[in-house]
Amino acid sequence: MKKIIVSAFVLSLCFSATGQSIDKIITSNEVTRIEKILAADDMQGRRTFTPAIDKASAFIESEFKKAGLQTFMGAANFRQEFSMTESKATASKIIIDGKEIDNSKVVTFSYQPQVSLTEKSDIAVVKINKGDNLGQKFNEYYNGTKSYLVLVDASFSKVLPNIQHIDRIKANPENNTVLFVFGVPEATTFSIELSNEISKKALNNVVGVLPGKSKPDEYVIFSGHYDHLGVGSPEEGAPHTATDSIYNGANDDAAGSTAVIMLANYFKKQNNNERTIIFTTFVAEELGGFGAKYFSKQLPADKVIAMFNLEMIGTESKWGKNSAYITGFEKSNMGEILQRNLVGTAFKFYPDPYPQEQLFYRSDNATLAKLGVPAHTISTSKMDSEPNYHTADDEIETLDIANMTEIIKAIAVSSSSIISGKDTPTRVDSSQLK
């Protein structure tokens, strides 16, 4: 006997007696239209703090308005604005044990206009020795609240350019100073003189709301990030072609932002959500998830029932079409709920197959997850073999639009019982998170 498989979009025809067919709302043509705009060359890679990110924001705002969403907490528009502090070094002179250090061997992180430190100051001298876990040690000192002079073994010199390219931008910087000096083994006496230009930089998430009918104070979030890497050079990212240095970010994460817009339009037309749905595209994910971190502070975490973060869904997963994975699958029962709602369809969600990549902690779901929210990222990206990840070749031509459209439909259908208030995912045990 042949096995009968009903597709997700056919199953969803009875999703709402008053709603419209999902096939007529979530279409490949519409996915293509949005993707082409967000990933176009004239978006210049949507880098945070450039005119291009403002252009992308304006487009998403127009889509939210067209969909008929409300603004967040009665705001005048769909822009959730905040600022960050940027530091640019204007002068640097470091002398260690009587010898002036070449500035090309030093990386400084400080948000003070003037810094003057010696061995008698409140600054600790620490070392990153050969064989140490460089990433772990770097994060310990970089994210700390104390001042450090970090002597890095010369064996790590190859990573110096990577550290030099880290943006000196933070939401709430400390008053400390951290210096990484490469190739200097000891520092008995030292003098550190730094001058920095400090400025405030404005940026914004884009947030739209569909109020719930019977449970307006319970929130379900659909999110993606709309920023990417901007315009690069062969030295910065080694684009595959000499003529194209625009990091279009079609999959990362114009795909997720496209899905958020499509879902906003769909659920507005369904007009049957009992819980409030918040649709948001975050800024500055590539710089450290700053948009999500700001957003998470604007509403009570205990009222957030679930978060669907959509990240790189434009290519086929390792299982092929009609499939995606959920990061942190085991940390709540949200994935089980979604899969149950897809029984009888061709689509299946899987646990994250790349646990070594720590993807649960590397996207915009992490901030709310750490507050106990069932916040997970849905993705298809083959993190062990995704050829266009963070390259200038991440363009719309590399996406499987038809499959991406089916993924968006599956997300819409699988989330239905959470949006209706029938299902409530278990909370994430934040004490068990890293």
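In which helix does D253 lie? D253 is part of helix α8, which covers residues 250-270. The peptide bond that leads from D252 to D253 is cis, and its omega is near -5 degrees.

The structure is a predicted model, in which local features need pLDDT of at least 70 and side-chain atom pairs count only at pLDDT 80 or more, while totals for chains, interfaces and linings use all residues. Residues are numbered from 1 along each chain as its sequence is written, and side-chain values use heavy atoms, with hydrogens and water left out.

## The protein as a whole

The secondary structure amounts to 13 helices and 18 strands. Helices (H or I, at least four residues) and strands (E, at least two) are DSSP runs, numbered from the N terminus.

The C-alpha trace spans about 80 × 45 × 40 Å along its principal axes. A compact globule of 434 residues would have a radius of gyration near 22 Å, and the 23 Å of this protein agrees with that. The radius is taken over C-alpha atoms, and the globule rule is 2.2 Å times the number of residues to the power 0.38.

Of the 434 residues, 53% count as buried. Buried means under 20% relative accessible area, exposed means over 50%, and partly exposed is in between (1.4 Å probe, protein chains only). The accessible surface comes to about 19000 Å², and carbon and sulfur atoms hold 50% of this surface. Accessible areas come from the Shrake-Rupley method with a 1.4 Å probe, and for residues only the protein chains shown count as cover.

Among contacts in the protein with a separation of 6 or more, 86% are between residues 24 or more positions apart. A contact means heavy atoms within 4.5 Å.

## The second largest pocket

A pocket is an open set of points on a 1 Å grid over the protein atoms alone, where a 1.4 Å probe fits, with protein on both sides within 12 Å along at least five of seven lines; lining residues have an atom within 4 Å of a point. The second largest pocket has a volume of about 270 Å³. Grid points are joined across faces, edges and corners, and the volume is the space filled by probe spheres set on the points.

The lining of this pocket has 15 residues, and S87, K88, A89, T108 and R168 lie nearest its centre. Strands β2 (79-96), β4 (106-110) and β10 (190-210) each give at least two residues to the lining. The largest share, 5 residues, comes from β2.

By type, the lining residues are 5 nonpolar, 6 polar and 4 charged. Here Ala, Val, Leu, Ile, Met, Phe, Trp, Tyr, Cys and Pro count as nonpolar, Asp, Glu, Lys and Arg as charged, and the others, Gly among them, as polar.

## Residues in two strands

T90 is in strand β2. With a relative accessibility of 52%, T90 counts as exposed. T90 and S195 are 105 residues apart along the chain, yet their C-alpha atoms are separated by 5.5 Å. Apart from neighbours within four places in sequence, T90 is in contact with S195, N196 and E197.

L210 belongs to strand β10. L210 counts as buried, at 6% relative accessibility. Between the C-alpha atoms of L210 and F182, which are 28 residues apart along the chain, the separation is 52 Å. Leaving out neighbours within four places in sequence, the contacts of L210 include L69, F267 and K268.

## Residues in loops

The table lists loop residues with their relative accessible areas.

| Residue | Loop between | Relative accessible area |
|---|---|---|
| F49 | α3 (28-38) and α4 (51-67) | 23%, partly exposed |
| H390 | β18 (375-379) and α12 (401-414) | 25%, partly exposed |
| N77 | β1 (70-71) and β2 | 34%, partly exposed |
| L371 | α11 (366-369) and β18 | 44%, partly exposed |

F49 has a phi near 70 degrees, a positive value in a residue other than glycine. H390 also has a positive phi, near 55 degrees, and is a residue other than glycine.

N77 and A40 are 37 residues apart in sequence and 25 Å apart in space, C-alpha to C-alpha. For L371 and V304, 67 residues apart along the chain, the C-alpha separation is 9.9 Å. Not counting residues up to four places away in sequence, L371 touches S296, A301 and R427.
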